[in-house]
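Work through these exercises with the sequence and the model side by side. Try each task before you read its solution.

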Amino acid sequence: MRQRDIAAARRAADEERRSTREHLLEIAGQVFAEKGFDAATGKEICKRAGANAAAVVYHFGGMDALYAAVLMEARNRLVSTEMIAAVVAGERDAKAKLAALIGLLVRKLAGPASQSWAARVIGREILDPSTASTDLIEKEMQGRATIMRSLVSELTGLPPEHPAVARGAISIIGPCLLLLIANRRRLERAFPALNLRPDSAEDLADHMTQFALAGLAAIAHEVKKAEKGEG
């Protein structure tokens with residue numbers, strides 16, 4: 001009986017720690033979204049969370065580690081590299097891969113997640129990188145760049161290291177980044193017919209896919225023509 005009581009007490013304590021950690025992570029995400037990493041303090045985060053002043057150190061080891069945890073949670077709530085790899089791997093045809101990839105990104109960025117603290121944290125980090133996130137962001141970018149190079153290379157028939165492949169990749173990524181970092185209300189005021197809503201995500205994704213495919217085909221044609229020495 002005594003051992004069962006001890007085990008139950010340990011489980012309760014573990015659950016409380018997990019709950020406190022998750023709550024701190026949620027509050028920290030909101031604070032970082034509002035103020036950025038440099039202006040946020042552990043004191044404010046703990047106060048908002050109703051936690052002990054030392055909770056950030058106890059549960060995360062410090063502000064840098066807390067911010068890294070928030071970034072990981074944010075990318076998981078939006079689109080992780082693993083999600084991108086999985087959706088691309090789920091298709092055999094290169095055009096279908098691109099359509100699946102753009103569809104995933106647009107659905108996420110046109111949906112409720114785009115208005116969350118997770119999107120604002122990632123947007124801030126893109127526009128004003130913090131020193132605390134250098135390794136994490138670099139790893140994420142390298143993983144996504146590898147996927148994009150491979151896909152654009154497959155679509156154009158050009159080597160992955162060709163400059164046109166790099167340019168093609170950023171041409172696809174650019175509009176998606178715009179959806180992430182742009183002020184949604186201003187964008188819709190500038191382009192009232194754009195309708196950045198979940199129910200129009202598929203139409204936008206189809207347009208972006210067709211635009212990307214046409215652009216890549218045109219660039220690949222010009223590159224190959226130039227390499228053959230044609231006029």
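**Exercise 1. Place Gly90 and state whether it is buried or exposed.**

Solution. Start with the position. Gly90 sits in the loop between helix H5 (81-89) and helix H6 (94-110). Helices here are DSSP runs of H or I with at least four residues, strands are runs of E with at least two, and both are numbered from the N terminus. Next, take the accessibility. Gly90 has 57% relative accessibility, so it counts as exposed. The cut-offs are: buried under 20% relative accessible area, exposed over 50%, partly exposed in between (1.4 Å probe, protein chains only). Finally, check a distance. The C-alpha atoms of Gly90 and Ala100 are 8.6 Å apart, with the two positions 10 residues apart along the chain.

Before going on, note the ground rules. This is a predicted model, in which local features need pLDDT of at least 70 and side-chain atom pairs count only at pLDDT 80 or more, while totals for chains, interfaces and linings use all residues. Residues are numbered from 1 along each chain as its sequence is written, and side-chain values use heavy atoms, with hydrogens and water left out.

**Exercise 2. Describe the fold of the protein chain and its overall dimensions.**

Solution. Count the elements. The protein chain has 11 helices and 0 strands. Its pattern along the sequence is α-α-α-α-α-α-α-α-α-α-α. Now compare the spread with the globule rule. The radius of gyration is 22 Å, well over the 17 Å that the rule gives for 231 residues, so the chain is more spread out than a compact globule. The radius is taken over C-alpha atoms, and the rule is 2.2 Å times the number of residues to the power 0.38. Then read the box. Along the principal axes, the C-alpha atoms fill roughly 85 × 45 × 35 Å.

**Exercise 3. Summarise burial, contacts, surface and charge for the protein chain.**

Solution. Burial: 38% of the 231 residues are buried. Contacts: among those between residues at least 6 apart in sequence, 70% join residues at least 24 apart. A contact means heavy atoms within 4.5 Å. Surface: the accessible area is about 13,700 Å², and carbon and sulfur atoms hold 56% of that. The area comes from the Shrake-Rupley method with a 1.4 Å probe. Charge: there are 32 positive and 29 negative side chains, and the centres of the two sets are 4 Å apart. Lys and Arg count as positive, Asp and Glu as negative; His and the chain ends are not counted. Each charge is placed at NZ of Lys, CZ of Arg, CG of Asp or CD of Glu.

**Exercise 4. Which residues does Ser153 touch, and which does Ser130 contact?**

Solution. Take Ser153 first. Ser153 belongs to helix H8 (residues 134-156). Its relative accessible area is 11%, so Ser153 is buried. Beyond four places in sequence, Ser153 touches Leu158, Pro159, Pro160 and Val165. Turn to Ser130. Ser130 lies in the loop between H7 and H8. With 6% relative accessibility, Ser130 is buried. Setting aside neighbours within four places, Ser130 contacts Phe37, Tyr67 and Glu125.

**Exercise 5. Locate Arg120 and find its contacts.**

Solution. Arg120 is part of helix H7 (residues 117-127). At 39% relative accessible area, Arg120 is partly exposed. Outside four places in sequence, Arg120 is in contact with Ala33 and Gln115. Check Glu34 too: Arg120 and Glu34 are 86 residues apart along the chain, and their C-alpha atoms are separated by 8.0 Å.

**Exercise 6. What is the sign of phi at Asn195?**

Solution. Begin with the general pattern. Most residues other than glycine have a negative phi. Asn195 is not a glycine, yet its phi is positive, about 55°. Asn195 is in the loop between helix H10 (184-190) and helix H11 (201-227). Asn195 is partly exposed, at 35% relative accessible area.

**Exercise 7. How many disulfides are there, and are Cys46 and Cys176 buried or exposed?**

Solution. The search of the whole structure gives 0 disulfides. A disulfide is a pair of cysteine sulfur atoms within 2.5 Å. Cys46 is buried at 2% relative accessibility. Cys176 is buried at 7%.
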